[in-house]
Amino acid sequence: MGRQRELEEVQARFNALTENTTLAVITIDDDSTIQYANDAVEDVFGYEASKLEGDSLLTIMPERFHEAHKTAVNRYLEEGARQLDREWIELPGRHKDGHEVPLGISFGEATVGDEHRFTAVIRDITERKRREQERETTLELLRDLYDVTTDADLDFEEKVDLLLEFGCARLDLPYGFLSRIETDDNRDEKGTQRIVRAYGDHELLQPGESCPLEQAYCRKTIDTDGLLAVSDAVDAGWEGDPAYQQFDLGSYIGGKVLVDGDLYGTLCFAGSTSRDHPFSDLERMTVRLMSRWLSYELERQQMTAQLERQNDRLQEFASILAHDLRNPLSVAKGRLELAQDEYESDDLEQVADALDRMDALIDDVLTLAREGEAVTDLQPVDLAATIENCWQTVETADATITIETERSIYADRSRLQQLLENLVRNAVEHGGGDVTITVGDLNDGFYVADDGPGIPEDDREEVFASGYTTSADGTGFGLAIVREIAEAHDWVITVDESEDGGARFEITGADFANR
């Protein structure tokens, strides 16, 4: 009798402890019969605790795990093991209404009287699993967006088409389209919506189709902070709206596309029927990201077009300069040669030197005009190989060069070579015929250094000015051309003192194809 009371007291204390926890606790015997369940079990499985006691554990276990559970219990009993792994494991349970519940379970074992018991402490990890799935879905989404938007083999239109198809699949909507909205005022409903690219078979949402803005869903999108999401158009009060009557769309999500702060149009996805749930945060983020990429890409195209127009104007200027200056210079040189055939004069020699200097100046001014063109087509260029080519084309006397780089840099190949040739030429002209030049890597660029006399600190900014020179034979445009080429690549060039006391030119802000 005393033994029985002791067992009852132990069970009572166990029950008291488990009733005060929000975790579900279940105790089974060797036959997998539930001997005890606390009240928290109902929150997890939907069964009242008292209704589960006496039933098999298989009642709250998905059928596909039944045989595996029986096999595991039998093996455990046959082997006579008495030490369970108490770490949390993850398994699904079966709710009373039939759906599966992801669970975290920790097992323990004990002997109550002469009976062996297994106790499971169970927690519902549905929310954690939901967050994990959401994170994985978000990462997958970002990877897919990255793959499409960075594919160098696709042009802009192909990328837009893939994004529209991708968005429809992600949002489970049949129609996707990019619109162009033309108005005198971003909020003027008297404008026009024109479809630029589209996915799906809606006859009014095809490329080239247009309608008055007052009949388009997009008119409300452009009045938002950037996104409009309507899961049920009728519930949202759209049933009598001209846009609903025109397009018969029951669900819609759209984002504004801006170019340099001005309205371009909208990126939209829609369906003929309503949705039974609102658009999720992830779905909203998907449309926002795609809208912003389109804004960025259209801005880049606009900027590229502007740069190309500037380049054309510079080319025109260079051609005029070449024609209008070279022709009279050629006439002057021809007349000078005739005069030198008849007369010997130091004055004529000075005129010849002046004309040669004018010829060199014209060459450098033409180069300066052309190298100032913005770079729009960057390619990987082997830096060491380019320096070696420069060394073959520049008169270097007895100078030596040390190349300490194996990188490939994204650049315009011919202009990078011009930059390096000018820096090498500058080092030889000012450092002497036996100067040593070193080219090496920086974290985000490269440097060209020499062991010549260097550049006084007060003159280091001035050396890049057009026409500045300390050499009687120089034109003063060499380093100005270097700066123009660097800036055309969006690089930054600075000059400092080298380790040997000479000049050290540093070019930073570059991108490399390898490290």
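Colleague: How do you know which share of the 515 residues is buried?

Modeller: The protein has 515 residues, and 40% of them count as buried. Buried means under 20% relative accessible area, exposed over 50%, and partly exposed in between, with a 1.4 Å probe and protein chains only. This is a predicted model, in which local features need pLDDT of at least 70, side-chain atom pairs count only at pLDDT 80 or more, and totals for chains, interfaces and linings use all residues. Numbering starts from 1 along each chain as its sequence is written, and side-chain values use heavy atoms, without hydrogens or water.

Colleague: How many helices and strands make up the secondary structure?

Modeller: There are 13 helices and 18 strands. Both are DSSP runs numbered from the N terminus: helices are H or I, at least four residues, and strands are E, at least two.

Colleague: What do the contacts in the protein with a separation of 6 or more look like?

Modeller: Residues 24 or more positions apart account for 59% of them. Contact here means heavy atoms within 4.5 Å.

Colleague: Which residues of the largest nonpolar core touch the most other members?

Modeller: Ile409, Leu416, Leu419, Leu420, Phe446, Trp491 and Phe505 do, out of 37 residues. A nonpolar core is a set of buried Ala, Val, Leu, Ile, Met, Phe, Trp, Tyr and Cys residues, joined through side-chain atoms within 4.5 Å.

Colleague: Which elements each supply at least two residues of this core?

Modeller: The helices are H11 (383–393), H12 (413–431) and H13 (478–488). The strands are E14 (408–411), E15 (436–442), E16 (445–450), E17 (492–497) and E18 (503–508). H12 gives the most, with 7 residues. Another core lies apart from this one. That core has 26 residues, among them Val257, Phe269, Phe279 and Leu298.

Colleague: Why does phenylalanine 446 count as buried?

Modeller: Phenylalanine 446 has 0% relative accessibility, under the cut-off, so it counts as buried. This residue is found in strand E16.

Colleague: What does phenylalanine 446 touch, not counting residues up to four places away in sequence?

Modeller: Phenylalanine 446 is in contact with Leu383, Ile409, Leu416, Leu419, Leu420, Gly440, Asp441, Phe505, Glu506 and Ile507. Phenylalanine 446 and alanine 510 are 64 residues apart in sequence. Their C-alpha atoms are 8.4 Å apart in space.

Colleague: Why are H11 and H12 called oblique to each other?

Modeller: Their axes come within 9 Å and cross at roughly 55°. Axes are lines fitted to C-alpha atoms, for helices over the stretch in contact, and angles run from 0 to 180 degrees between N-to-C directions. Under 35 degrees is roughly parallel, over 145 roughly antiparallel, 65 to 115 roughly perpendicular, and the rest oblique. H11 and H12 are therefore oblique. Their crossing is right-handed: the near helix is turned clockwise from the far one by less than a right angle, whereas anticlockwise would be left-handed.

Colleague: Which residues make the contact of H11 and H12?

Modeller: H11 brings Leu383, Thr386, Ile387, Asn389, Cys390, Trp391 and Thr393. H12 brings Leu416, Gln417, Leu420, Glu421 and Val424. These divide into 7 nonpolar, 4 polar and 1 charged. Ala, Val, Leu, Ile, Met, Phe, Trp, Tyr, Cys and Pro count as nonpolar, Asp, Glu, Lys and Arg as charged, and the others, Gly among them, as polar.

Colleague: What makes H12 and H13 roughly antiparallel to each other?

Modeller: They pack at an angle of about 150°, with their axes 9 Å apart. That angle puts H12 and H13 in the roughly antiparallel class. H12 passes H13 in a left-handed crossing. Arg415, Gln418, Leu419, Asn422, Leu423 and Asn426 in H12 meet Gly478, Leu479, Ile481, Val482, Ile485, Ala486 and Ala488 in H13. The split is 8 nonpolar, 4 polar and 1 charged.

Colleague: Why are H5 and H6 also described as roughly antiparallel?

Modeller: The axes of H5 (residues 126–149) and H6 (residues 156–171) come within 10 Å and cross at roughly 160°. H5 and H6 are therefore roughly antiparallel. The crossing is right-handed. Thr137, Glu140, Leu141, Asp144, Leu145, Val148 and Thr149 in H5 meet Lys159, Leu162, Leu163, Phe166 and Arg170 in H6. Here 6 are nonpolar, 2 polar and 4 charged.

Colleague: Why is proline 242 called partly exposed?

Modeller: Its relative accessible area is 38%, between the two cut-offs. Proline 242 is found in helix H8 (residues 242–247). Not counting residues up to four places away in sequence, proline 242 touches Glu214 and Gln215. The C-alpha atoms of proline 242 and glutamine 215 are separated by 5.0 Å.

Colleague: How do you know which class valine 351 counts in?

Modeller: At 37% relative accessibility, valine 351 counts as partly exposed. Its place is in helix H10 (residues 346–371).
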